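This report looks at one strand with its neighbours, and then at a single loop residue.

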Amino acid sequence: IQLLVALPEGTPVFEEVLFIENLVSFERMADRRGPEWARSLLVYAAGFKGSARRLRMRESCRLYVRASTPPPLTLREIEAWLFENGDCPVCFFGDLDFAGMQILASLREVFPNAQAWVRGYDALAHALAHGGGHAPDQAGKELQIDPGRTGCSHADEHLLPLMRQRGRFMDQEAFDLEAYQGSIDPCHRIRLHPD
């Protein structure tokens, strides 16, 4: 498994690990750090690959660091968390769809404390609740299977019931980074109807 990681800028520590489902969102969030993820280790592992059990085995996982300058954080800290079962909060942020929730459930098998990234998912859920998103068949997602439960209380009590009720999904790319870089409420900056 190849893990692409983006280190927090200007700090030798990370406070949480944030798995991001889509590469475009990973790149945008790494380029434009908001205060909500400024001290997060961002991880991209191509969707379901990031939830594989072999992710935590040194012989089957390779780390690739995305950095424009030599990072203050060494790979040793990341390896300690990943391969030596380091204790750090783990979150997941992906599409607000059944496949995204299934990735979260699978990630929890590898990282039992993994949770849905509330700030990102709440912005998508707000938009979905107010008419945004798309029907599954409009985006080739009609074959996705409802995972039932993920084990994450926020996903199970809020996100999954909303998707079931609305019969719609919201792509992660609708998350507006600018909303987190100012005082604007991110829930009001989401495009309700994608282009």
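## Strand β5 and its surroundings

In this predicted model, F92 stands opposite A116 in β6. On the other pairing, F92 of β5 is the bridge partner of F19. The strands behind these two residue pairs are set out below.

| Strand paired with β5 | Sense | Bridges |
|---|---|---|
| β2 (residues 16–20) | parallel | four |
| β6 (residues 115–116) | parallel | two |

The link from β5 to β6 also has a defined hand, since β5, helix α3 (residues 98–110) and β6 together make a right-handed β-α-β unit.

In a regular strand, side chains alternate between the two faces of the sheet. In β5, which spans residues 90–93, V90 and F92 lie on one side while C91 and F93 lie on the other, and all of them are buried, leaving both faces of the strand covered.

## A buried serine in a loop

S60 belongs to the loop between β3 (40–44) and β4 (62–66). Is S60 buried or exposed? With a relative accessible area of 17%, S60 counts as buried because this value falls under the 20% limit. A polar atom of the S60 side chain lies 2.7 Å from the backbone oxygen of R54. When neighbours within four places in sequence are left aside, the residues in contact with S60 are I1 and R54, so that R54 appears both in this contact list and in the polar pair with the serine side chain.

Key. Residues numbered from 1 in each chain as written. Predicted model: local features only at pLDDT ≥ 70, side-chain atom pairs only at ≥ 80, totals over all residues. Heavy atoms only, no water. Buried < 20%, exposed > 50% of the residue type's maximum accessible area, 1.4 Å probe, protein only. Pairing = 2+ DSSP bridges. Right-handed = clockwise from strand over helix to strand, strands pointing away. Polar contact = N/O pair within 3.5 Å; in protein donor to acceptor, adjacent residues only side chain to side chain. Contact = heavy atoms within 4.5 Å.
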